[in-house]
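User: I would like a close look at one part of this structure, with the surroundings brought in where they help. Please take it slowly and keep the account connected.

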Amino acid sequence: MKVVMIGPPGAGKGTQAKKLADRFDMRHLSSGDILRAERSSGTALGNKVAEYMDAGKLVPDDIMVDVMAKTLTSGGDRVLLDGFPRTVLQAEALDSRLQESGQSLDAVIIIDAAQDVIVDRITGRRICPACGKVYHVKNMPPEKPGICDACGEKLVQRQDDTEEAVKKRLEAYKNLTAPVVKYYRSSSEGDNNGLRIIEVDGNKPPEDVGRELLAELESLESSE
Ligand code: AMP
């Protein structure tokens with residue numbers, strides 16, 4: 001099973017993707033996590049992508065396609081792609097890589113949410129740099145303010161989770177990623193290739209969104 005998850009920052013892609021990947025035994029490939037790992041290892045590539053990320057801009061397509069192709073080809077068949085593709089060019093590159101190996105996508109999950117919900121979620125988000133656990137200062141605070149419940153580490157805010165960067169990231173979503181949704185809609189209607197489009201409302205509480213997605217993927221899996 002190969003699934004792509006698309007949505008603006010803060011719509012809940014990461015939270016849902018982790019759970020679904022566990023439940024359906026898929027590799028969770030988060031392009032943002034892969035880039036953050038690259039930058040924290042201090043490679044030349046990592047330093048280059050850091051500039052784009054901190055400015056709330058998308059990393060250029062050629063870099064992104066290379067990074068993801070490397071990761072995609074180095075593992076099994078069951079994959080949940082979270083945050084990639086984010087441009088039509090990336091979606092086309094993904095399609096042709098999959099076609100070359102006789103594969104295709106089974107589903108595209110689209111999670112959207114209102115701008116005020118997104119800005120509130122992202123600017124309040126805090127992350128444990130040691131174990132990756134995610135908190136929110138109001139909606140999901142740790143027991144001791146600023147400290148991870150799981151490992152006691154000091155929580156941090158992502159450099160691109162400031163209000164200014166979020167606005168730029170939303171703009172990039174509107175201009176470059178929203179067309180990817182159209183691309184998949186027309187390819188699911190066009191040639192009857194079995195691509196399923198699953199749309200959920202990311203304004204709802206994460207547990208409700210999770211239940212809907214679980215039911216959708218269970219039905220997809222039983223139809224395979
Ligand atoms: P995320 O963790 O998914 O919000 O991604 C964080 C940042 O990584 C984005 O704001 C971009 O700068 C970069 N990024 C992640 N995925 C992509 C992608 N598919 N194409 C271009 N840039 C990306």
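In which loop is the place of D25?

Analyst: This is a predicted model, and what follows should be read with that in mind. The place of D25 is in the loop between α1 and β2, the strand that covers residues 27-30. The backbone of D25 deserves a careful look, since D25 has a positive phi of about 55° although it is not a glycine.

On one side of this loop is helix α1, which covers residues 13-23 and packs with helix α8, residues 206-222, at an angle of about 40°, the two axes being 10 Å apart. The crossing of these two helices is right-handed. From α1 the residues Q16, L20 and R23 take part, and they meet P206, V209, G210, L213, L214, L217 and E218 of α8. Sorted by class, this contact of α1 with α8 has six nonpolar, two polar and two charged residues.

On the other side of the loop is β2, with residues 27-30, and the numbering then runs on into helix α2, residues 31-40, which gives the largest share of the shell around the ligand, namely four residues. There are 16 residues around the ligand, and those that come nearest are S31, R36, K57, V59 and G83. The shell as a whole, taken by class, has six nonpolar, four polar and six charged residues.

Several polar approaches to the ligand can be described atom by atom. A polar backbone atom of K57 is 2.6 Å from an oxygen atom of the ligand, while a backbone N or O atom of G83 is 2.9 Å from a ligand nitrogen atom. Q90 approaches through its side chain, where an N or O atom is 3.0 Å from a nitrogen atom of the ligand. Of the 480 Å² of accessible area that the ligand has on its own, the protein covers 96%.

G83 also leads to a second backbone feature, because the peptide bond from F84 to P85 is cis, with omega near 0°. P85 lies in the loop between β3, residues 79-82, and α5. Helix α5, residues 88-100, in turn packs with helix α4, residues 61-72, at an angle of about 30°, with the axes 10 Å apart, and α4 passes α5 in a right-handed crossing. The contact is made by D61, M64, V65, A69 and L72 of α4 together with L89, Q90, A93, L94 and R97 of α5. By class, it has seven nonpolar, one polar and two charged residues.

Technical notes: Residues numbered from 1 in each chain as written. Predicted model: local features only at pLDDT ≥ 70, side-chain atom pairs only at ≥ 80, totals over all residues. Heavy atoms only, no water. Near = heavy atom within 4 Å. Polar contact = N/O pair within 3.5 Å; in protein donor to acceptor, adjacent residues only side chain to side chain. Areas by Shrake-Rupley, 256 points an atom, 1.4 Å probe, with all protein chains shown as cover. Nonpolar A, V, L, I, M, F, W, Y, C, P; charged D, E, K, R; others polar. Axes fitted to C-alpha atoms, helices over the stretch in contact; angles between N-to-C directions. Left-handed = near helix turned anticlockwise from the far one by under 90°. Contact = heavy atoms within 4.5 Å.
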